[in-house]
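Trainee: Could you take me through one part of this model closely, starting from a single residue and working outward to the parts around it? I would like a connected account that I can follow with the structure open beside me.

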Amino acid sequence: MGPALLWAERGTAPLDVLADFPAIPDGWAYLDTAATAQKPQVVIDAIARGYAETYATVHRGVYQRSADMTLAYEAARARIARFLGAASADEIVYVRGATEAINLVANSWGRTLKPGDRILLSQLEHHANIVPWQLLADRTGAVIDVAPLTADGHIDLDAVEAMLTPQHKLVALAHVSNVLGSVLNARRAADLAHAVGAKILIDGCQSVARVAVDVQALDCDFYVFSGHKLYGPTGIGVLWARADILGEMPPWQGGGAMIDTVSFSGTTYAPPPGRFEAGTPHIVGALGLHAAIDYVDAIGLDAIHAHETALVTAARDRLSTLNSITLFGPGDAAGIVSFDVRGVHPHDVGTILDEERVAIRAGHHCCQPLMAHLGVSATARASFGVYNGLADVDALVRGLERVTRIFG
Ligand code: PMP
């Protein structure tokens, strides 16, 4: 397929925003956005302004600067709510990232699980969506079930339907796989979970920057993501949960800011989201995330999705002509392509590509159960962002041709 057709088929034009990203020098193919996205200048500026011009604490100050910063910090929360289609800003809990969000749900909501209750995960989950549930299962006697994948690397929802029972209290699934790029039909997954009375948590780490999300339309109960994958700063992320669910959840970390009143005869807690936000938060991180969401929304997630899907199509088409390469995952993957070069360890692939100024990720990608399923210990992974173009695909292919020449 000709390059122009790749986008025309999807009704959009290729994005041309590389100049917005000062940390991507000319000729460097950054193909590791699934690990963390590069930052546009507007995000860097928002962070710099937050520290250099408007900095103060939030929620406690009686002086004007602190009141203004509190307004900005809460405006970011409202912006996140609007971005996710949440019913209210009170449904947005600031956390350090997706990992902390899932641990929060496991430690707070999960506290009521009993021996014999079941949690359903899938074979492709990130360790962040496995280990917190294993820790919870150890504490409560709950049991974990693992849904299989289809041959092309989607979570097999027919199997999920057959596996779910009234004992299942939670289904926790990745919206987009960080290894295969496969996109979950999250609405169908939510319907299946709810049909047996279970709640559903969607790990949105890879979807939040690649697929338009409306948590109410998806009808999920929890949605989590990390700001740094959405072109925002590290150290800030989001737990969204429906207000009625958050309202029933006990605090999980104690400290300042999460209380109503404290005394040695008994302490009462703030309503959500404050109840889950003990301690001084990542104030400027929220401002950076606000700027990142404005940036992404201005481009539009449908355009981003079309752009990255076109790049995946181009990459898969080109890589499949190299006969030493095995591609993993489905053809319609969102922004992510994992592959194996026959007889070459993915780390060697990554090192040689780096010499060619192509940055990919090599390893198990925090998905060891998925690696076991694929029958490999690691994969090479190229993942795209808004700043990538066909030149990056060309550089990847040229680099891989060199890898195959070196290794014969
Ligand atoms: N889930 C998925 C699907 C991910 O890709 C990642 C990050 N690689 C995480 C969870 C964990 O995110 P973080 O390390 O930012 O908490």
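Mentor: Let us start with arginine 118, which has a relative accessible area of 25% and is therefore partly exposed, since the buried class ends under 20% and the exposed class begins over 50%. Please keep in mind throughout that this is a predicted model. Arginine 118 is found in strand β3, a strand that spans residues 118-122 and is mostly covered, with 4 of its 5 residues buried. Leaving aside neighbours within four places in sequence, arginine 118 is in contact with Val143, Asp145, Thr165, Gln167, His168, Lys169 and Leu170. Arginine 210, by contrast, lies 31 Å from arginine 118, C-alpha to C-alpha, with the two positions 92 residues apart in sequence.

The strand itself is held in a wider arrangement. Strand β3 runs parallel to β4 (residues 143-147), and 5 bridges join the two; within this pairing, isoleucine 119 has isoleucine 144 of β4 as its bridge partner. Both strands belong to an open sheet of 7 strands, whose order is β2-β8-β7-β6-β5-β3-β4 and whose pairing is mixed. At the edges of this sheet stand β2 (92-95) and β4, each of which pairs on one side only, and the twist from one strand to the next averages 20°. Further along the order, β6 (residues 199-203) pairs with β7 in the parallel sense over 3 bridges, and there isoleucine 202 is matched with tyrosine 223 of β7. Helix α7 (residues 186-195) lies across β5 (168-174) and β6, and its direction makes an angle of about 155° with that of β6.

Now step back to the chain as a whole. The domain assignment gives domain 1 as 3-30 + 301-407 and domain 2 as 44-297, and the C-alpha centres of these two domains lie 28 Å apart. The contact between them takes 36 residues from domain 1 and 28 residues from domain 2. About 2,400 Å² of area is buried between the two domains, and carbon and sulfur atoms give 62% of that area. On the domain 1 side, Leu301, Ile336 and Leu370 supply 26% of the area that this domain buries against domain 2, which is more than any other three residues.

A second sheet can be followed next. It is open, with 4 strands in the order β11-β12-β15-β14 and antiparallel pairing. Here β11 (325-328) and β14 (361-363) are the edge strands, each with a single partner, so one side of each is left without a neighbour in the sheet. Neighbouring strands are turned by 30° against each other on average, with direction ignored. The antiparallel strands β11 and β12 (residues 336-341) are joined by 4 bridges, and threonine 326 stands opposite aspartate 340 in β12. Helix α11 (residues 301-319) lies across β11 and β12, at about 15° to β12, while helix α14 (residues 390-406) lies across β11, β12 and β15 (379-383), also running at about 15° to β12.

The aromatic residues offer another way to connect parts of the chain. The model has 10 aromatic pairs. In one of them, tyrosine 231 and tyrosine 387 have ring centres 5.9 Å apart and planes at 80°, so the pair is edge-to-face. This pair links distant parts of the chain, 156 residues apart: tyrosine 231 is in the loop between β7 (222-226) and β8 (237-241), and tyrosine 387 is in the loop between β15 and α14. Both of these tyrosines are buried, and together with Phe21, Trp28, Tyr30 and Tyr295 they form one aromatic cluster.

Finally, some details of the backbone deserve a look. The peptide bond from proline 272 to proline 273 is cis, with omega near 0°, and proline 273 lies in the loop between β10 (268-269) and α10 (283-299). Alanine 257, in the loop between α9 (243-248) and β9 (259-261), has a positive phi near 80° although it is a residue other than glycine, and at 37% relative accessibility it counts as partly exposed. Histidine 365, which is not a glycine either, has a positive phi of about 60°; it lies in the loop between β14 and α13 (368-374), and it is buried, with a relative accessible area of 1%.

Methods
Residues are numbered from 1 along each chain as its sequence is written. This is a predicted model: local features need pLDDT of at least 70, side-chain atom pairs count only at pLDDT 80 or more; totals for chains, interfaces and linings use all residues. Side-chain values use heavy atoms; hydrogens and water are left out. Two strands pair if DSSP finds at least two bridges between them. Axes are lines fitted to C-alpha atoms, for helices over the stretch in contact, and angles run from 0 to 180 degrees between N-to-C directions. Contact means heavy atoms within 4.5 Å. Rings of Phe, Tyr and Trp (its six-membered ring) pair if their centres lie within 6.5 Å; planes under 30 degrees apart count as stacked, over 60 as edge-to-face and the rest as tilted. Buried means under 20% relative accessible area, exposed over 50%, partly exposed in between (1.4 Å probe, protein chains only). Domain bounds come from an automatic or database domain assignment. Buried area is the accessible area (1.4 Å probe) that two parts lose on being put together, summed over both.
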